[in-house]
Amino acid sequence: MSLEALREGNCWFCEHCGEHWEEVPTEAMMSDAEASSALVNAQSEDDAFDDKRKQLRKRRSKRRTVILVTIAAVAVAAWNVQLPWTPLRWVALTLWTCSQILWTIARWQLGSSFTPMTEARQLVTDGLYSRIQNPIYLFRGVSLASLVIYLDKSWLLLGLLVLVPIQVQRIRAERKTLFTAFRIRYFQYSKKTWF
């Protein structure tokens with residue numbers, strides 16, 4: 001591996017990997033303005049690197065969520081495949097599959113705005129959100145109800161009776177937060193969308 005100087009000073013180029021870099025002179029060799037400029041540049045590079053790392057973490061989190069929910073749902077469905085195949089079970093399986101796909105799309109479109117806590121990061125109005133205000137809640141509810149029918153375990157509907165009011169409260173809290181943050185934009189959006 002050989003290094004060659006690109007120009008006068010401490011600027012180098014590696015022929016092996018193609019990287020180039022400059023060594024920042026020590027503060028004793030710099031004027032105050034140069035030292036301040038170098039510090040600002042270093043901080044902005046650190047901030048840019050942190051932003052890229054946060055975006056990567058969010059993408060990974062989004063992928064993990066979608067993959068884990070899908071694997072769990074498929075495992076539950078496959079576990080009960082030995083039950084008799086009635087027309088109702090076929091309808092439930094179809095509804096479950098469609099709602100899982102739509103939930104995945106909604107989760108993907110929500111992107112970094114998805115949070116476990118109620119926050120107003122941004123107002124998402126694209127894709128499924130252009131027609132439905134809460135597609136994640138809607139398709140998750142349809143998915144769970146159809147899974148209960150598919151499993152032929154009607155007593156699990158009691159769980160939905162507990163879950164639905166909790167989700168309705170959460171939807172109300174999210175709407176209030178979004179209205180507070182986005183005011184007219186959210187009001188106009190809510191008039192054009194369903195649920």
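Helices H2 and H3 run roughly antiparallel to each other in this predicted model. You can follow the reasoning from the geometry: the axes of H2, covering residues 87-110, and H3, covering residues 135-151, cross at roughly 155°, and an angle over 145 degrees counts as roughly antiparallel. The two axes come within 8 Å, and the hand of their crossing is left-handed. What kinds of residues make up the contact of H2 with H3? Nonpolar ones number 16, alongside four polar and three charged residues.

From that helix pair, let's move to the largest nonpolar core, which has 16 residues. Tyr-129, Ile-136, Phe-139 and Tyr-186 are the members that touch the most others in this core. Helices H2, H3 and H4 each supply at least two of the core residues, and H4 gives the most, with four. As background, nonpolar side chains in soluble globular proteins tend to be buried together.

Helix H4, spanning residues 157-192, is also a good place to look for charges, as Glu-174 and Arg-170 both lie in this helix. Their side chains meet in a salt bridge, with an N to O distance of 3.3 Å. The structure holds one salt bridge, so if you are browsing the model for such a pair, this is where to zoom in. How far apart are Glu-174 and Arg-170 along H4? They are four residues apart, about one turn of the helix. On the question of solvent, Arg-170 has a relative accessible area of 26% and is therefore partly exposed, since that class lies between the 20% limit for buried and the 50% limit for exposed.

Conventions: Residues numbered from 1 in each chain as written. Predicted model: local features only at pLDDT ≥ 70, side-chain atom pairs only at ≥ 80, totals over all residues. Heavy atoms only, no water. Axes fitted to C-alpha atoms, helices over the stretch in contact; angles between N-to-C directions. Parallel < 35°, antiparallel > 145°, perpendicular 65-115°, else oblique. Left-handed = near helix turned anticlockwise from the far one by under 90°. Nonpolar A, V, L, I, M, F, W, Y, C, P; charged D, E, K, R; others polar. Salt bridge = Lys/Arg side-chain N within 4 Å of Asp/Glu carboxyl O. Buried < 20%, exposed > 50% of the residue type's maximum accessible area, 1.4 Å probe, protein only. Core = buried A, V, L, I, M, F, W, Y, C linked by side-chain atoms within 4.5 Å.
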